[in-house]
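Student: I should like a close look at a single part of this structure, namely one place where two helices meet. Please set it in the context of the chain afterwards.

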Amino acid sequence: MEKLNLKFLQSLATQYPSVAKACTEIINLQAILNLPKETEHFVSDVHGEYEQFLHILKTGSGAIRNKIEDVFGNTLCARDKKSLAALIYYPEQKVERMRLEMSEEDFQDWYKVSLHRLIAVCKESSAKYTRSKLRKSLPPDFSYILEELLSENNRVVEKEEYYNEIFDTIIRLNRAKEFIVAIAGVIQKLVVTRLHVIGDIFDRGPGPHIIMDHLMQHSNVDFQWGNHDVVWMGAASGNKACIANVIRLSARYNNLSVLEDGYGINLVPLASFAIETYANDPCQCFRVHAQEDSNLQEVSLNMKMHKAIAIIQFKLEGQLIKRRPEFNMDRRLLLDKIDYEEGTIKIDGKKYELLDKSFPTIDPNNPYELSEAEESLMNRLCMNFLNCEKLQEHIRFLFNKGGLYLCYNSNLLYHGCVPLDENGKFRKVKIGNKQYSGKELYDVLEYYARKGYYEQDDKDEHEYGKDIMWYIWSNENSPVYGKEKMATFERYFIADKEVQIERKDHYYRLIEKEEVVNNILKEFNVDVEKGHIINGHMPVHVKEGESPVKCNGKVMIIDGGFSKAYRGTTGIAGYTLIYNSRGLRLVSHETFTSTEDVIEKEIDVHSDTVIREISAQREKVGDTETGRQLKEQISDLEKLLHAYRTGQILEKE
């Protein structure tokens with residue numbers, strides 16, 4: 001036996017010190033391979049809409065309703081099923097609601113009936129898990145009782161009295177509410193095993209920090225970074241152009257409270273600067289998405305802050321473009337194309353009149369230089385971002401649990417696209433001194449993004465990595481952006497809609513071609529026959545008849561408009577995808593109204609199955625990525641067994 005292999009097996013022997021223990025583990029792992037595969041839940045482009053997002057997580061995109069249907073079928077009326085579903089989604093609130101509506105005697109009876117029903121749903125939800133895995137999912141306070149109640153033995157008639165006594169005692173000791181909350185939590189955990197978030201948690205909506213707090217408590221989640229995530233990652237790394245973009249978008253969508261209240265970032269210096277610099281400027285081109293009843297004075301201040309940070313952003317981006325000529329973004333240098341006396345700008349040989357001609361902080365002879373006040377402001381903001389403990393915690397979590405793409409269970413997950421030329425070939429992109437395309441382009445960009453956040457020793461690599469995060473956010477060759485330009489300046493300052501157009505990458509036109517899609521799957525080593533591409537980023541125009549399903553089901557674009565800003569375009573409030581042992585189910589959702597509607601009126605978010613792809617045979621763990629890893633473990637353990645039985649390694653027990 002090779003020395004290296006023997007050393008590995010000796011290390012493995014510390015965990016399995018005898019033939020008996022190694023054999024037991026092999027038997028356990030072999031049995032797991034034959035269980036039904038885990039249920040995966042895919043979401044994309046959440047954009048801070050935390051209420052809709054958290055509700056869809058609680059429901060498992062309809063998976064919990066399906067479990068209730070499987071268990072009770074025609075034995076419960078529709079109203080009782082809705083009530084039970086609401087109890088599982090929001091157990092604390094639903095219990096309190098029922099307490100108010102019922103007499104004490106009826107409430108005690110409701111407790112007992114609800115406990116029986118919840119245990120039945122929990123048992124169905126746990127059917128495909130080993131007892132060991134189930135045990136790990138149980139809350140410590142009730143683990144023994146729940147394990148007893150979920151045991152197969154409770155089907156024995158003689159034990160009925162035993163289980164009824166458990167319920168009576170729980171109710172008598174005034175622990176029924178806590179017990180119901182515990183069971184509901186277990187059901188939510190068991191119904192969906194793994195959550196894939198395919199980009200764009202941040203920007204537009206009011207609660208990305210709430211979403212991140214929740215996801216950090218999730219037992220099994222991964223991220224495929226979107227461009228809106230990466231710009232926040234760049235901001236947390238200290239890239240000033242990214243910081244300006246993050247603040248500008250928060251101002252534009254009237255969500256500065258995310259930065260101030262959610263992350264505790266002090267924006268008073270920006271407000272003071274904006275008031276002083278743009279005191280008499282109405283800043284009409286920098287309107288914010290405000291409610292009709294919003295405080296007019298506050299909206300006016302936000303508009304001034306919006307303009308102030310936008311001008312700073314254009315300057316900082318100009319500096320970055322000049323600093324990194326290899327980014328090939330000179331076309332986005334626009335401040336030096338302005339005739340400040342005339343109030344016009346020339347782009348691609350055509351002259352446009354500016355909608356806003358007031359630029360008090362711009363020196364026409366050196367338009368990309370920050371004023372002294374702007375420089376001081378950005379230094380303070382940069383320190384605030386770098387020293388924000390909660391933001392850094394969230395961004396580290398994104399780095400630790402995510403990447404630009406994921407190949408998992410024959411599916412290729414990424415947020416945007418794979419940059420293609422007009423013929424469907426992988427476009428070559430220069431990063432540093434080399435050219436990259438396809439999977440290699442994704443890999444090198446992720447490599448530098450991590451350098452930009454983590455690198456401590458090589459300052460040049462660290463700075464380049466920070467700039468790469470801005471590149472990923474906005475460059476036409478970025479796979480998570482996928483448009484020829486980010487026309488931010490044009491949308492603010494030029495009325496002509498033609499110059500505001502952001503043309504999409506050829507990818508979005510070519511993904512109906514099976515040859516192109518198969519080439520992408522091959523590039524990422526994904527099975528062409530079984531594989532799917534799952535991505536978001538581009539809202540699906542459902543109202544205009546566009547389908548999220550492309551290339552005969554091989555591609556699914558699941559950006560359906562979680563963000564309120566997009567719902568007028570999409571006509572729905574988000575797509576999600578469920579992939580379990582029986583196949584794939586793509587679901588469209590209507591707008592979540594309120595928690596109160598679910599609890600009091602038992603109105604759930606209406607969801608429709610857009611496509612259902614049923615597997616010919618029920619998939620097992622052995623058919624999955626987890627199964628591949630378990631088979632490798634079994635192989636290693638069998639080698640350890642051979643080493644024990646041939647005396648190459650001695651048993652410790």
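Tutor: What follows describes the helix pair and then turns to a sheet and the domains. The model is predicted, and the description should be read accordingly.

The pair consists of helix H4, residues 63-72, and helix H7, residues 104-125. Their axes come within 9 Å and cross at roughly 105 degrees. An angle of 65 to 115 degrees counts as roughly perpendicular, and H4 and H7 are therefore roughly perpendicular to each other. On the H4 side, the contact is made by Lys67, Ile68, Asp70, Val71 and Phe72. These residues meet Arg117, Ala120, Val121, Glu124 and Ser125 of H7. Sorted by class, the residues in this contact comprise five nonpolar, four charged and one polar.

Elsewhere in the chain, three strands form an open, antiparallel sheet in the order E4-E5-E6. Its edge strands are E4 (338-339) and E6 (350-353), each of which pairs on one side only. Strand E5, residues 344-347, is joined to E4 by two bridges in the antiparallel sense. Within this pairing, Ile338 has Ile345 of E5 as its bridge partner.

As for the wider context, the domain assignment divides the chain into segments as follows: domain 1 covers 3-35 + 631-646, domain 2 covers 40-199 + 537-619, and domain 3 covers 223-404 + 442-489. Taken over C-alpha atoms, the centres of domain 1 and domain 3 are separated by 53 Å.

How values were computed
Residues numbered from 1 in each chain as written. Predicted model: local features only at pLDDT ≥ 70, side-chain atom pairs only at ≥ 80, totals over all residues. Heavy atoms only, no water. Pairing = 2+ DSSP bridges. Helix = DSSP H or I, 4+ residues; strand = E, 2+ residues; numbered from the N terminus. Axes fitted to C-alpha atoms, helices over the stretch in contact; angles between N-to-C directions. Parallel < 35°, antiparallel > 145°, perpendicular 65-115°, else oblique. Contact = heavy atoms within 4.5 Å. Nonpolar A, V, L, I, M, F, W, Y, C, P; charged D, E, K, R; others polar. Domains from an automatic or database assignment.
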